[in-house]
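Please look through the following structure with some patience, moving from the whole chain to its parts. The paragraphs after it are meant to be read with the structure open beside them.

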Amino acid sequence: MKISYLFFAVLLLPSLGRKIKALLLRAGFMRVPNNDTQCKQAGGICSTHRCPLRTRAFGRCQQGIPCCRTVVS
């Protein structure tokens with residue numbers, strides 16, 4: 001009887017895994033921006049050299065140009 005619960009959990013995990021991954025992708029937690037458009041869609045700004053105060057780099061707009069987003073603490 002105990003093995004049936006384990007079997008059910010093993011069957012359920014793959015379907016939940018896809019839903020969790022899709023949720024994280026929509027929330028923007030899985031991929032960092034690689035160009036200007038993705039940076040703006042993720043709520044960031046492209047900075048010329050360094051990120052302004054109270055922001056941090058979390059991706060790239062172009063080669064050598066960071067995509068910066070406000071730090072929430």
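**A walk through the chain**

The end C-alpha atoms of residues 37–69 lie 14 Å apart, and this span is 15% helix and 45% strand. The span is worth marking at the outset, since the unreviewed UniProt entry lists residues 37–69 under "domain: Beta-defensin-like". The reader should keep in mind throughout that the model is predicted.

Seen as a whole, the protein chain contains two helices and three strands, and these elements follow one another from the N terminus in the order α-α-β-β-β. Of the 73 residues of the protein chain, 14% count as buried. The surface that the protein chain exposes comes to about 6400 Å², with carbon and sulfur atoms supplying 62% of it. Among the contacts in the protein chain with a separation of 6 or more, 24% are accounted for by residues 24 or more positions apart.

The strands can be taken next. Strands of a sheet pair through backbone hydrogen bonds, either parallel or antiparallel. Here the three strands form an open sheet in the order 1-3-2, and their pairing is antiparallel. Strand 1 and strand 2 stand at the edges, where each has a single partner strand, so one side of each is left without a neighbour in the sheet. Strand 2, which covers residues 55–62, runs antiparallel to strand 3, which covers residues 65–70, and six bridges join the two. Among the residues bridged in this way, T55 has T70 as its partner in strand 3, while A57 has C68 as its bridge partner in strand 3. The hairpin made by strand 2 and strand 3 has two residues between the strands, and in this hairpin G64 takes a positive phi near 85 degrees.

One residue of strand 2 shows how this part of the chain meets its surroundings. R56 lies in strand 2, and with a relative accessible area of 47% R56 is partly exposed. If neighbours within four places in sequence are left aside, R56 is in contact with C51, C67, C68, R69 and V71. R56 and V71, which are 15 residues apart in sequence, have their C-alpha atoms 6.4 Å apart in space.

Three of the cysteines in this account have now been named, which leads to the disulfides. How many disulfides does the structure hold? There are three disulfides, and with the bonded cysteines counted along the chain they follow the pattern 1-5, 2-4, 3-6.

In one of these disulfides, C39 is bonded to C67, with the sulfur atoms 1.8 Å apart. This pair links distant parts of the chain, for C39 belongs to helix 2 (residues 36–41) and C67 to strand 3, 28 residues apart. The link of C39 and C67 is right-handed, with 90 degrees about the S-S bond, and both C39 and C67 are buried.

Another disulfide joins C46 to C61, the distance from S to S being 2.1 Å. Because C46 lies in strand 1 (residues 45–46) and C61 lies in strand 2, the pair ties together parts that are 15 residues apart in sequence. The link of C46 and C61 is left-handed, with -95 degrees about the S-S bond. Are the two cysteines of this pair buried or partly exposed? C46 is partly exposed, with a relative accessible area of 29%, whereas C61 is buried, with a relative accessible area of 4%; the cut-off that separates the two is that buried means under 20% relative accessible area.

The remaining disulfide is formed by C51 and C68, whose sulfur atoms are 2.0 Å apart. Since C51 lies in the loop between strand 1 and strand 2 and C68 lies in strand 3, this pair ties together parts that are 17 residues apart in sequence. The torsion about the S-S bond of C51 and C68 is about -80 degrees, and the disulfide is therefore left-handed. C51 counts as partly exposed at 22% relative accessibility, while C68 counts as buried at 2% relative accessibility. C68 thus appears in the sheet and in a disulfide alike, being the bridge partner of A57 and the cysteine bonded to C51.

Methods:
Residues numbered from 1 in each chain as written. Predicted model: local features only at pLDDT ≥ 70, side-chain atom pairs only at ≥ 80, totals over all residues. Heavy atoms only, no water. UniProt positions renumbered as here; feature names shortened; annotations may be inferred. Helix = DSSP H or I, 4+ residues; strand = E, 2+ residues; numbered from the N terminus. Pairing = 2+ DSSP bridges. Buried < 20%, exposed > 50% of the residue type's maximum accessible area, 1.4 Å probe, protein only. Contact = heavy atoms within 4.5 Å. Areas by Shrake-Rupley, 256 points an atom, 1.4 Å probe, with all protein chains shown as cover. Disulfide = S-S within 2.5 Å.
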